[in-house]
Amino acid sequence: ALWDVFGVKPEDAQHNSRAVLAAVHPDDQARIVQTLQASGEALTPWKQEYRVLLPERSSALPAGEYWLQGQASPQRLPDGSTLWHGYTHNVTEERRANERLRLGASVLAHSYDGIMVTDANNTIIEVNPAFSRITGYAPSEVLGRTPQLLSSGQHDPAFYATMWASIHEQGHWDGEIWNQRKNGEVYPETLSIAAMTNEAGQLTHYIGVFSDITRLKNHEAQLAHIAHY
């Protein structure tokens, strides 16, 4: 596995670790050497994440930059040398997944549009700050409830039946809808709802993204008034 991770053949590192260190990203080499020396002197466990650069055909992996995590424990031998017991594994995919999660959380937090996430039973499990700014509801007031609390009463059952038929048949719905803020004010919004499924095709969540278009509607009304009067 040394070949898979570092692009180094075991026989090339049997008596000297320079070949392994050479595979470490130049920006990380000094840190790795420093932390290894500190752990070896104090006989404390060592754990670091660092990058390696693999050229073409130097490993079982395609050429490129990869993240590794190494863990080891030093043991002082009678002759004063240090024996290390440890392992190293590739954590590139885990880091990419975590980065996607952080990016998703950042988008949720900083989006100007209101975002609401429900489970498969249409129970609200997540909202973003823009949701609270637009609707007036704090997260604690809506989590565990259904989006029905935003209903303005201005749409008949046929409207919602058509909307849900589109979501179930096509996986999404886009349109304009009138909803109600916490203070009772009715306002127009553009709403997009998407159904999310897992790898098995089972429904897991609904995601709603909406924008308050009150100003746009007011402007359209002004233009209509000017055109006719």
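**Exercise 1.** In this predicted model, find how many bridges join β2 to β3 and how the two strands run.

Solution.
Step 1. Count the bridges: β2 and β3 are joined by 9.
Step 2. Read the direction: the two strands run antiparallel.
Step 3. Take one pair as an example: Ala72 has Gly86 in β3 as its bridge partner.
Step 4. Look at the turn: the hairpin of β2 and β3 has 5 residues between the strands, and Gly80 in this hairpin takes a positive phi near 90°.

**Exercise 2.** Describe the largest pocket: what is its volume, and which residues are the closest to its centre?

Solution.
Step 1. The volume of the largest pocket is about 710 Å³.
Step 2. Its lining has 24 residues, and the closest to the centre are Phe6, Ser17, Val20, Leu36 and Thr88.
Step 3. Assign the lining to elements: α1 (2–6), α2 (18–23), α3 (26–42), β1 (46–54), β2 (64–76) and β3 (82–90) give two or more residues each.
Step 4. The most comes from β3, with 5 residues.
Step 5. Sort the lining by type: 16 residues are nonpolar, 8 are polar and none is charged.

**Exercise 3.** Describe the second largest pocket in the same manner.

Solution.
Step 1. The second largest pocket holds about 420 Å³ of space.
Step 2. It is lined by 21 residues, and Pro147, Gln148, Met163, Trp164 and Ile193 lie nearest its centre.
Step 3. Elements that supply at least two lining residues each include α7 (157–170) and β7 (186–197).
Step 4. By type, the lining of the second largest pocket has 13 nonpolar residues, 7 polar and 1 charged.

Definitions and conventions:
Residues numbered from 1 in each chain as written. Predicted model: local features only at pLDDT ≥ 70, side-chain atom pairs only at ≥ 80, totals over all residues. Heavy atoms only, no water. 1 Å grid on protein atoms, 1.4 Å probe; cavity = no way out; pocket = protein on both sides within 12 Å on 5 of 7 lines; lining within 4 Å. Points joined across faces, edges and corners; volume = space filled by probe spheres on them. Helix = DSSP H or I, 4+ residues; strand = E, 2+ residues; numbered from the N terminus. Nonpolar A, V, L, I, M, F, W, Y, C, P; charged D, E, K, R; others polar. Pairing = 2+ DSSP bridges.
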